[in-house]
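Subject: Structure handover

Hello,

Here is the structure we talked about. My notes follow below it.

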Amino acid sequence: MTKMSVAVPGAQNFFTGKIQSTPTIREKFLYIKPKTFYIMKIEVTGEPEIHIDLMSPHGGYDYAEQEMVIPAGPKHGEYRLFFNSENAPSTPVLFRIFFADSRPVSIYSINLLMIPNWCSMVSNGLLGLMAIAGLIFIFCGLSDMHVRIGFLIFIIGIFMSYHLPVNPLQGDNQNYCMVAQSLLSDSDIFLNEFSTRLEHNNFYGIVNENGKLYNLFPLGPSIVLAPLYALIRINGDIPPENAEILSGKIATAVCFGSALMLFFFLVSHFEDVGRSKALLLTFIFGFCSHQFSQHLGMFWSHNAVMPFILTALLLLKMERREFVFFAGTVVVFGYMMRPTVALFVPITMVWLWLYRRQDVGFFVAGCSIAGILVASVNLSFYGHIISPYSQISRLRLSFPSFINALIGNLFSPNRGLFVFMPWALFSMYGIWLSIRTRIDPFYRLIAIIFLLHLIIVSSFPHWWGGWSYGPRLLVETMPLLVLLLLPFLSSQIWRRRSVKLFFITALVFSLFVQIGGLTESAAEWNGTPINVDKNSSRIWNWSDMQFMRPLKVLIISQWH
């Protein structure tokens, strides 16, 4: 006599009880969802033939594909059956187990793991996008050596990120994985089943609307995590909390590695950019910018969106009309990850109208098709075509606070772009050159996107980004700032030895600042001596600079 459990991860147990091996049928009523993939798993030892299946007691629902038959003879281990519930009825169905004879048998567990169809569709969609990306790389005009280097960069990025000894979901970004589990178990975004956990940890971004708890942050990262979490949880030996960490680490590593690879491919498409310069700029993007400190080890919406931004820019830069359509779809899907990506749509439309008018229709078509899908998803989950996090009402544009935020995002000692990455000063020179001189119009596109992004985040009341490191709300613009170094590197001013020395010094300084951002002491600055959200004046404190905190801790520890 052994215990049997039929359960869905993150949902209720369908059955808990005792079963006994006799030549008879044991059965239990349970609900299953139609058009949903399930994995039936049984861990058993013994010799009798065993049949396990699902059927409706009223007939009309009894498929051979949903029956697992374990032949007679010695057996020990786990058996699995993958099936689609097809047109499962709304009424309970019978879960049956039949023992063909009375020989001894021990059943340790029977589990029914649910994988919603949409999750399988997302997985297939990601595989499709990867296939399309592979074809693009084959036909995008890069040499075989460039492609090999790009994929080597991808592997190095994944290895570095995955082996960083940090939990990628430690804080408010845990909301993403809880939403992913809710999508898998209940096909909704409500987090009431996690109410005890939410109360204990007091996560930011949880909204209570008419008794229903949901995550204010973008839905896109949860959609990315859901298939990973489901695939990991298919192995019932992995506890939910470990599956959360593992899915977060995989997502973080893939986002980091793919961002480096895509940036290398993108910068290689610019005029007069050889392999060495492309590698240098990729290094600056990956290790001397906030791409490193913010995205190497943690999973946030702004590293989930980075591959979308870079893919869209790459498709536009390749100047092939059929790719412009996909650029539009990628941009809009990126909006689900981070709403500031919406800036790309009107700016790119105007830019295409001015410089590549024949491509405007393709871009609009791509945006429209993807926009309908995104609006449908938002309408289904939120009841509005625009999610709460993306509402423009969250901005508070008043001139004094805007000026304060604008200066703070650029020059403040603890959130200033030029303080944490002084090489970005040369990107400003690149912006000036892109507007005032006759160079590649593509620089004007990325310059205007950066400037408007800066205006938008400076219009946000919480412009310092809460508990963060440096100018977190500008992190999506890191590839733009690095690309804007190209006009500077091709200018007359670059030939001056003093300018080269300052630029190299700025890169080395930025590298050490980014490495410091990976430490616990850098994060602890936000809470000590007082919470930065309660006393935002700390952002302007030159005597307690955040990037210096790790160095101070190191000196004190060595002294003692």
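A contact here means heavy atoms within 4.5 Å. This is a predicted model, in which local features need pLDDT of at least 70 and side-chain atom pairs count only at pLDDT 80 or more, while totals for chains, interfaces and linings use all residues. Residues are numbered from 1 along each chain as its sequence is written, and side-chain values use heavy atoms, with hydrogens and water left out.

**Overall**

The chain has 22 helices and eleven strands. Both are DSSP runs numbered from the N terminus: helices are H or I with at least four residues, strands are E with at least two. Of the 560 residues, 52% are buried. Buried means under 20% relative accessible area, exposed means over 50%, and partly exposed is in between (1.4 Å probe, protein chains only). The exposed surface of the chain is about 25,500 Å², and carbon and sulfur atoms supply 64% of that. Those areas come from the Shrake-Rupley method with a 1.4 Å probe; for residues, only the protein chains shown count as cover. Among contacts with a separation of 6 or more, 74% link residues 24 or more positions apart.

**Helix α6**

Two residues of α6 (240-267) are worth a look. Phe263 sits in this helix. Phe263 counts as buried because its relative accessible area is 0%. Setting aside neighbours within four places in sequence, Phe263 contacts Leu281, Thr282, Phe285, Leu310, Pro479, Val482 and Leu483. Its C-alpha lies 8.8 Å from that of Ala278, 15 residues away along the chain.

Ser247 is also in α6. Ser247 is buried because its relative accessibility is 0%. With neighbours up to four places away left out, Ser247 contacts Cys177, Leu225, Leu228, Tyr229 and Ile232.

**α3 against α5**

Two packed helices are described by the angle between their axes and the distance between the axes. For α3 (174-186) and α5 (220-233), the axes come within 8 Å and cross at roughly 65°. Axes are lines fitted to C-alpha atoms, for helices over the stretch in contact, and angles run from 0 to 180 degrees between N-to-C directions. The crossing of α3 past α5 is right-handed. That term applies if the near helix is turned clockwise from the far one by less than a right angle; anticlockwise is left-handed.

On the α3 side, the residues are Asn175, Tyr176, Cys177, Val179, Ala180, Gln181, Leu183 and Leu184. On the α5 side, they are Pro221, Ser222, Ile223, Leu225, Ala226, Tyr229 and Ala230. By class, the contact has twelve nonpolar, three polar and no charged residues. Ala, Val, Leu, Ile, Met, Phe, Trp, Tyr, Cys and Pro count as nonpolar; Asp, Glu, Lys and Arg count as charged; the others, Gly among them, count as polar.

**Backbone points**

Most residues other than glycine have a negative phi, and most peptide bonds are trans. Please check these three places in the model.

- Ser187 is not a glycine, yet has a positive phi of about 60°. Ser187 lies in the loop between α3 and α4 (195-201). Ser187 counts as partly exposed because its relative accessibility is 38%.
- Asn210 has a positive phi, near 55°. Asn210 is in the loop between β10 (206-209) and β11 (212-215). At 78% relative accessible area, Asn210 is exposed.
- The peptide bond from Thr528 to Pro529 is cis, with omega near 5°. Pro529 is in the loop between α21 (520-524) and α22.

**Other residues**

Thr340 lies in the loop between α11 (321-335) and α12 (344-355). Thr340 is buried because its relative accessibility is 17%. The side chains of Thr340 and Glu476 make a polar contact of 2.7 Å. A polar contact is a pair of N or O atoms within 3.5 Å; within protein, one must be able to donate a hydrogen and the other to accept it, and residues adjacent in sequence count only if both atoms are side-chain atoms. Beyond four places in sequence, Thr340 contacts His453 and Glu476.

Leu397 is in the loop between α13 (360-382) and α14 (399-411). Leu397 is exposed, at 64% relative accessibility. Outside the four nearest places in sequence, Leu397 touches Phe402 and Ser459.

Lys552 is in α22 (549-559). Lys552 is partly exposed, at 35% relative accessibility.

Best wishes
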